[in-house]
Amino acid sequence: MIYYKTAEEIEFIRENCLMVCNTLSLVASELKPGITGMQLDAKAEEFIRDNDAVPGFKGYRSFPATLCISKNDEVVHGIPDTYEFKEGDIVSVDCGVYKNSFFGDAAYTFVIGDISEEIMKLLVVTKESLFKGIESARVGNRLGDISSSVQEHCEKHNGYGVVRELVGHGIGKNLHESPEVPNYGKRGRGTKLQDGLVIAIEPMVNLGKKGVKQGKDGWTIKTKDGKPSAHYEHTIAVRTDGPDILSNHAPIEEAIKNNIELKNISLKN
Ligand code: MG
Ligand code: MG
């Protein structure tokens, strides 16, 4: 069952998504060689609680942390640990918050220092594919239009592997609601998009093959072939006048620009 949101509910979700993005911009200002995921996680949790909200992931199905931090060949759901980040790492950071009975959700993949052109291209194409998906999130379209827009954009570039096992999702009073939003699919198929639908669109795209496996910790998802993977996420509302992006990557990218240790992911539009 899909819960369509009122304008007022959408504003609660927007507020939470903006807090998520402010948390990710804090991460962007702190991330550098030598810092650990656990240190970033502690800062993120403190920031969220200082803003009278609750980390949305901590305790969700017993997940132990505020952030999901997934580096290099880790796709998503990495548990922050004592690994010290180093130059050349790509780091996906996913965050959720809960406040006023609603959730917010967004994610961004960061680049520490210099990486190969090949991996930078993967990040750019993955981020572009998120916006291709959002463009298709229009009243009268179907879910498959979003999914296929993401998939087609990724697969036409170097045959990237679009992850099948993990998908975007409806979001509201629950972190994960109906409908599922796969990053692959067929145009014209699936649920018709209606005003008030709020979904998280989150392409997870592998440099190599699409196959993934679960790590020994029971959470971390990794690529089967050991090649790097990228992940970007926005929460959006489908409105009669077009998609409304409730999260905002701009403060994150501002923080990246001000952190000399990080590289910017710039889309040439
Ligand atoms: Mg997320
Ligand atoms: Mg999500």
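Student: Is Glu 202 buried or exposed?
Tutor: In this predicted model, Glu 202 is buried, with a relative accessible area of 6%. Buried means under 20%, so that value qualifies.

Student: Which metal ion has Glu 202 among its donors?
Tutor: Start with the atoms that contact the metal. For the magnesium ion (ligand 2), the protein donors are Asp 105 (OD), His 169 (NE2), Glu 202 (OE) and Glu 233 (OE). They lie 2.1 to 2.2 Å from the ion.

Student: How are those donor residues spaced in sequence?
Tutor: The pattern is D-x63-H-x32-E-x30-E. His 169 lies in strand E7 (residues 168-170), and Glu 202 sits in the loop between strand E9 (198-201) and strand E10 (204-206), so this pair ties together parts that are 33 residues apart in sequence. His 169 is buried too, with a relative accessible area of 4%.

Student: What coordinates the magnesium ion (ligand 1)?
Tutor: Count atoms as well as residues. Asp 94 (OD) is listed twice, joined by Asp 105 (OD) and Glu 233 (OE). The distances run from 2.0 to 2.6 Å. Here the spacing reads D-x10-D-x127-E. Asp 94 belongs to strand E4 (residues 90-99) and Asp 105 to strand E5 (residues 102-112), so the pair ties together parts that are eleven residues apart in sequence.

Student: Are Asp 94 and Asp 105 buried or exposed?
Tutor: Both Asp 94 and Asp 105 are buried.

Student: How far apart are the two magnesium ions, ligand 1 and ligand 2?
Tutor: Look for a shared donor. Asp 105 bridges the two ions, which lie 3.1 Å apart.

Student: What are the ideal angles at a metal?
Tutor: For four tetrahedral donors, 109.5 degrees; for six octahedral ones, 90 or 180 degrees.

Conventions. Residues numbered from 1 in each chain as written. Chains lettered and ligands numbered in written order. Predicted model: local features only at pLDDT ≥ 70, side-chain atom pairs only at ≥ 80, totals over all residues. Heavy atoms only, no water. Donors = N, O, S within 2.8 Å, 3.2 Å for Na, K, Ca; no water. Helix = DSSP H or I, 4+ residues; strand = E, 2+ residues; numbered from the N terminus. Buried < 20%, exposed > 50% of the residue type's maximum accessible area, 1.4 Å probe, protein only.
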